Amino acid sequence: MHKLYLLILLALSVSCTPKSQFTAQLNIGDGLHPAEDITETIEVLRRRLQYSGAESVSMTRDGSRITLRFHSPLDEDRIGTLLTTPGRYSISEVYTRGELGRLRQAWEDFYREESYSDPYGEQFFESVYPGWHDPYSSTYVIGVIPSENVERAAALLDKPFWEGLIPADARLLITPANGGQPFFELVAVKYSGENWTEYIENAKVITEYGMSEIAILFNTKGKERFAEMTGENVDNFLAIEIDDRLLLVPRVNSQITGGRTSITGFSEKDEARYMAAIIKGGTLPLPVELTLLGEGE
């Protein structure tokens, strides 16, 4: 049985006033996990807080329950993401529009039958994605969805009809288009189960001209694996994800043997800083639930 993984990843810009002091309670796992797994999870949380630059944080532990007290201005939403995101960084191959011709055609036919509006037209998409009409197209975009139709289009992916049209290892993702385009892309990512977080030696933020990126440095094993992956996919696309959030889909122009890559496109330095802290801090062995207790509690 094929499995469809649906993620609607909205690029939201949230503005909020950081609180000068607040308390958060973390519950790790279900309380029945081995003590070593709980301890390792706490160590990952410590590293993430350290790499994020969070200062004046006190931590107390009671079994699998952790209480954090923050004594400096911080963004609660970003802290919540920092502490609860599993942090699984991955680089995967993607299916091209040409490889999934049946899915592409079925999507377009079904999309039209459902009377979804398309304010752009085929000529527009040909200009954005060269070779859009080519049955052997190498672009990674299977379909395009106007922003106003995202929720309705997402409902289509829940229908069993699609399961016979995608390979067993494919996950269908709906993600914002690159370059600030006013629509979303349907992408089919090949699932490998490989966690690239263990290959990372360092992740740091570089900011120039108001834009930030995360520079990734792989360890020896990661350097070899990245060289192998890029060497096998020259002229193809790779999906860079964290927890199935599609960050980037770059084309591989040549094999990369230097053991470095980057994640670009962050308009806010803080967003890049917290993302880098998650990547560098490591994957959480156990799930973490967070409850904000408010100021001074």
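Which residues does Arg78 touch, not counting residues up to four places away in sequence? Keep that one in mind while we walk through the model together.

1. **Before you start.** Please remember that what you see above is a predicted model. Its secondary structure comes to seven helices and 13 strands. Of the 297 residues in the chain, 44% are buried. Take the contacts in the chain with a separation of 6 or more: residues 24 or more positions apart account for 74% of them.

2. **The opening question.** Look for Arg78 in helix α2, which covers residues 76–84. Leaving aside residues up to four places away in sequence, Arg78 touches Glu268, Asp270, Glu271 and Tyr274. With Glu268 there is also a polar contact, made between the two side chains at 2.4 Å. Try finding this pair in the structure yourself.

3. **The length of helix α1.** Now turn to residues 35–52, which form α1, a helix of 18 residues. From its first C-alpha to its last, α1 reaches 26 Å, and this is close to the 26 Å expected at 1.5 Å a residue.

4. **The two faces of α1.** Which residues of α1 are buried? They are Ile38, Thr41, Ile42, Val44, Leu45, Arg48, Leu49 and Ser52. These residues lie on the same side of α1 because they cover an arc of only 155 degrees around the axis. Turned away from that buried side is a face carrying the exposed residues Glu36 and Gln50. You can check this by colouring the two groups and looking along the helix.

5. **Just past α1.** Follow the chain on from α1 and you come straight to Gly53. Here the backbone takes a positive phi, at about 90 degrees.

6. **A sheet of three strands.** In which order do the strands of the open sheet lie? The order is β4-β10-β11, and the pairing is antiparallel. At the edges are β4 (89–93) and β11 (245–248), each of which pairs on one side only. On average, neighbouring strands of this sheet are turned by 40 degrees against each other, with direction ignored. As a reminder, strands of a sheet pair through backbone hydrogen bonds, either parallel or antiparallel.

7. **A closer look at one pair.** Strand β10 takes in residues 238–242, and three bridges join β10 to β11. The two strands run antiparallel. For one example, start at Glu241 and cross over to β11: the bridge partner there is Leu246.

Definitions and conventions
Residues numbered from 1 in each chain as written. Predicted model: local features only at pLDDT ≥ 70, side-chain atom pairs only at ≥ 80, totals over all residues. Heavy atoms only, no water. Helix = DSSP H or I, 4+ residues; strand = E, 2+ residues; numbered from the N terminus. Expected span 1.5 Å × (residues − 1). Buried < 20%, exposed > 50% of the residue type's maximum accessible area, 1.4 Å probe, protein only. Arc of directions from axis to C-beta. Pairing = 2+ DSSP bridges. Axes fitted to C-alpha atoms, helices over the stretch in contact; angles between N-to-C directions. Polar contact = N/O pair within 3.5 Å; in protein donor to acceptor, adjacent residues only side chain to side chain. Contact = heavy atoms within 4.5 Å.
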